[in-house]
Amino acid sequence: MEKTILFSDRGQGIDLRRDFMYLLLVEDDLQLSGLISDQLRKRGYQVDAACDGERGLSLLRQGRYDGCILDRMLPGLDGLTLLRRARAAGVSVPVLMLTAMSRTEDLVDGFENGADDYLSKPFAMPELLVRVDAMLRRGAKKTADGLSAGDLTLDTATMTLTGPSGHCTLTRRETDILSLLLEAPGQVIPRERFFQAVWGMDAQVGDASLDTYIYFLRRRLQAVGTRWRLTTRRGKGYLLEAGSTAQGGTECRKCPLRAEVPPTAEETP
């Protein structure tokens, strides 16, 4: 019988910048797992918890998590092997490894196999929480070709947006706007910031132009089936928020939405 405990309650009265971050906890000590999950939920994270390596690897490969807390000593598939296989499968989320093994050689093995941080058992809960915060503070992960966050990847060189349901080609303006949002997921980006970074401080651009691109980007996000939503904060700006489920994707490998973007002078050389 597979033993898996899922915790998915949202915290209340929390910082909106952390309201939607999804963590995977892989820990076979059920009492410790429950304690960690409870503290993380109070801090505003959503948590899925698995108590064995095989289930943990299966969940991690789904691509819906912003970070992982991984016990090294697990029944069946140990944490180090799990991490090695996940990295080999292209999983790039940051991983904090928990371990009762404190030898330098053990720490080196963990880092060489893809761990981003280490915390030795026993540990103080406040230290675990601040380490998780620090691990996720950078938000989106910058790659050689662009940006990624959870199940969404933006290749800024080819202007290609990729999600669980496929990929779409963006315009240069769309790419620049989405890049700003992906660099700080969960944080409100003021409208003025978009105008300065995308069009330039001296450009004569109205609100309607930005609103149009936001509309089309929402369609792109839906098309690639991501759980990220482009949300309006009235009077403030826009932000990327992660929903609990992916949006209904459409077949977008040939990017049928591409034809909906009206050609404008600003998009032509």
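**Exercise 1.** Determine whether Arg 131 is buried, partly exposed or exposed in this predicted model, and identify its salt-bridge partner.

*Solution.* Arg 131 has a relative accessible area of 25%. Buried requires a value under 20% and exposed a value over 50%, so Arg 131 is partly exposed. Its partner is Glu 127, the closest N and O atoms being 3.0 Å apart. Glu 127 is likewise assigned as partly exposed, because its relative accessibility is 32%. Both residues belong to helix H5, where they are 4 residues apart, about one turn of the helix.

**Exercise 2.** Locate the salt bridge between Glu 174 and Arg 220 and state whether each residue is buried or exposed.

*Solution.* The side chains of Glu 174 and Arg 220 meet at 3.2 Å, N to O. Glu 174 is in helix H6 and Arg 220 is in helix H8, so their salt bridge ties together parts that are 46 residues apart in sequence. Glu 174 has a relative accessible area of 0% and is therefore buried. Arg 220, at 0% relative accessibility, is also buried.

**Exercise 3.** Analyse the salt bridge of Asp 71 and Lys 121, and name the network that contains both residues.

*Solution.* The N to O distance in this pair is 3.2 Å. Asp 71 lies in strand E4 (residues 67–71), whereas Lys 121 lies in the loop between strand E6 (117–120) and helix H5 (125–136). The two residues are 50 residues apart, and the pair thus links distant parts of the chain. Asp 71 is buried, with a relative accessible area of 3%, while Lys 121 is partly exposed at 25%. Together with Glu 27, Asp 71 and Lys 121 form a network of salt bridges. The count for the protein comes to 14 salt bridges.

**Exercise 4.** Compare the expected span of helix H6 with the distance between its end C-alpha atoms, and describe how far the helix is covered.

*Solution.* Helix H6 (residues 172–183) has 12 residues. The expected span is 1.5 Å times one less than the number of residues, so H6 should span 16 Å. Its end C-alpha atoms are 16 Å apart, which agrees. Of the 12 residues, 9 are buried, including Arg 173, Glu 174, Ile 177, Leu 178 and Leu 181.

**Exercise 5.** Identify the residues that touch the most other members of the largest nonpolar core.

*Solution.* This core has 52 residues, and Leu 70, Ile 177, Leu 178 and Leu 181 touch the most other members. Helix H8 (residues 207–223) gives the most to the core, with 6 residues. Beyond its neighbours within four places in sequence, Leu 70 contacts residues including Val 26, Leu 82, Val 95 and Met 97.

Technical notes. Residues are numbered from 1 along each chain as its sequence is written. This is a predicted model: local features need pLDDT of at least 70, side-chain atom pairs count only at pLDDT 80 or more; totals for chains, interfaces and linings use all residues. Side-chain values use heavy atoms; hydrogens and water are left out. A nonpolar core is a set of buried Ala, Val, Leu, Ile, Met, Phe, Trp, Tyr and Cys residues joined through side-chain atoms within 4.5 Å. Buried means under 20% relative accessible area, exposed over 50%, partly exposed in between (1.4 Å probe, protein chains only). Contact means heavy atoms within 4.5 Å. A salt bridge is a side-chain nitrogen of Lys or Arg within 4 Å of a carboxyl oxygen of Asp or Glu.
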